[in-house]
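This report sets out pockets, charge pairs and selected residues of one protein model. The sequence and structure come first, and the description follows.

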Amino acid sequence: KLAVCVNKEPWQEFCVEPPCGQLNPVNPHVYTTLGKLYQDFFELFETDMFHMGGDEVNLNCWNSTEEIQEALRRQGKTGTEEELLELWKNFQDQAAEKVYAAAGKKLPLILWTNSLTEKGQVEKFLSNQEYIIQIWTTGQDAVIKELIDKDFKVIFSNYDAWYFDCGYSSWVGEGNNWCSPYKGWQIVYENSPKEMYRSQGGNPARESLILGGEAAMWAEQVDGAAVIHKLWPRASALGERLWTDPESSQTWKQAEIRMINHRNRLVERGIEADALQPEWCNQNEGLCYTKKN
């Protein structure tokens, strides 16, 4: 089988969300298939780096699959977490070689933070000469400083500020979705990768390892009918943060009037950007405020 745990139930035991299914790392045909897929990608796109995903691998899925259990037994292994992480590393190494072959050269690879990058063990599984790590955990996660201090280049997408699909209703069960609350443009604007690193005692000389950031709009609760107004104008706040990285003394309050005017420009240009405040506030600048001390 190229994939294991496909549609397996109860899904909570084998994947993060339904339907379940992930690649089978002990089947050599997986790597042949990946090689062909990567060739297709590089024929269609020109890129100077390649994102390999790498998040939400369910170790229990592998450990409950007979074919994988048998492969581990032949190696004298029992399926401990450390052994499964080593299996994941072997998969990653073989898949990376297929990327290099398809690209015709060695190029930087991107992985999300995951079990391979957790505290104290990233260097056992990944090379800082080969991998860029995209951080999806919170802006307070100690792994931020650890990765940068270990000379890994990083991209920020911390979910507590730059996940744009947060704050909507749950789509399994009731209540709100897992990363609620909603991330307003003010939170997006204030989220500075450099400040997050500095707040953990980071070395300013290493800040060049911070390549930038990316907002994420995962597709469980968005489609073509809604994506534009869920992205805009919040993505504009992200743009100013990443392009100019205002000093900490320059908060969203100094950007508010420009942001409101920019949202109106977007609408005038045919982009259905979401409203940020009543039109009266725009017409009466400075009168929409919280209680002053």
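Lining the second largest pocket are 17 residues, and those nearest its centre are W252, E256, G286, C288 and Y289. The model discussed here is a predicted one. The volume of this second largest pocket is about 360 Å³. Helices α12 (252-268) and α13 (279-283) each give at least two residues to its lining, and the largest share, 6 residues, comes from α12. Sorted by class, the lining of the second largest pocket holds 7 nonpolar, 6 polar and 4 charged residues.

The largest pocket has a volume of about 1,400 Å³. Its lining comprises 48 residues, of which V16, G54, D55, E56 and V57 are the closest to the centre. Four elements, β2 (22-23), α1, β3 (50-51) and α4 (81-103), each supply at least two lining residues. The largest share, 4 residues, is provided by α1. By class, 25 nonpolar, 15 polar and 8 charged residues make up the lining of the largest pocket.

Helix α1 spans residues 28-44 and includes F41. The relative accessibility of F41 is 35%, so this residue counts as partly exposed. F41 also belongs to a nonpolar surface patch with L37, L44 and F45, and the accessible area of the four together is about 430 Å².

A contrasting case is I110, which is located in strand β4 (residues 109-112). I110 counts as buried because its relative accessibility is 6%, under the 20% cut-off for that class. In sequence, I110 and M52 are 58 residues apart, yet their C-alpha atoms are 5.9 Å apart in space.

Charge pairs form the next topic. Side chains of opposite charge can pair when their charged atoms come close. The structure holds 14 salt bridges, including the three pairs in the table.

| Salt bridge | N to O distance |
|---|---|
| D93 and K89 | 2.7 Å |
| D151 and R206 | 2.3 Å |
| E207 and R198 | 2.7 Å |

What separates D93 from K89 along helix α4? The two residues are 4 positions apart in that helix, which means about one helical turn lies between them. D93 is partly exposed, with a relative accessibility of 30%. K89 has a relative accessibility of 19% and therefore counts as buried.

The salt bridge between D151 and R206 joins two loops. D151 lies in the loop between α6 (143-149) and β6 (153-156), whereas R206 lies in the loop between α9 (193-199) and β7 (210-213), so the pair ties together parts that are 55 residues apart in sequence. Both partners are partly exposed: the relative accessible area is 39% for D151 and 25% for R206.

In the pair formed by E207 and R198, the acidic partner, E207, is buried at a relative accessible area of 10%. Its basic partner, R198, is partly exposed, with a relative accessible area of 38%.

Salt bridges also occur as a network, in which E66, E70, R73 and R74 are linked.

Methods:
Residues numbered from 1 in each chain as written. Predicted model: local features only at pLDDT ≥ 70, side-chain atom pairs only at ≥ 80, totals over all residues. Heavy atoms only, no water. Patch = residues over 30% accessible without salt bridge, like charges linked within 9 Å, V, L, I, M, F, W, Y side chains within 5 Å. Areas by Shrake-Rupley, 256 points an atom, 1.4 Å probe, with all protein chains shown as cover. Salt bridge = Lys/Arg side-chain N within 4 Å of Asp/Glu carboxyl O. Buried < 20%, exposed > 50% of the residue type's maximum accessible area, 1.4 Å probe, protein only. 1 Å grid on protein atoms, 1.4 Å probe; cavity = no way out; pocket = protein on both sides within 12 Å on 5 of 7 lines; lining within 4 Å. Points joined across faces, edges and corners; volume = space filled by probe spheres on them. Nonpolar A, V, L, I, M, F, W, Y, C, P; charged D, E, K, R; others polar.
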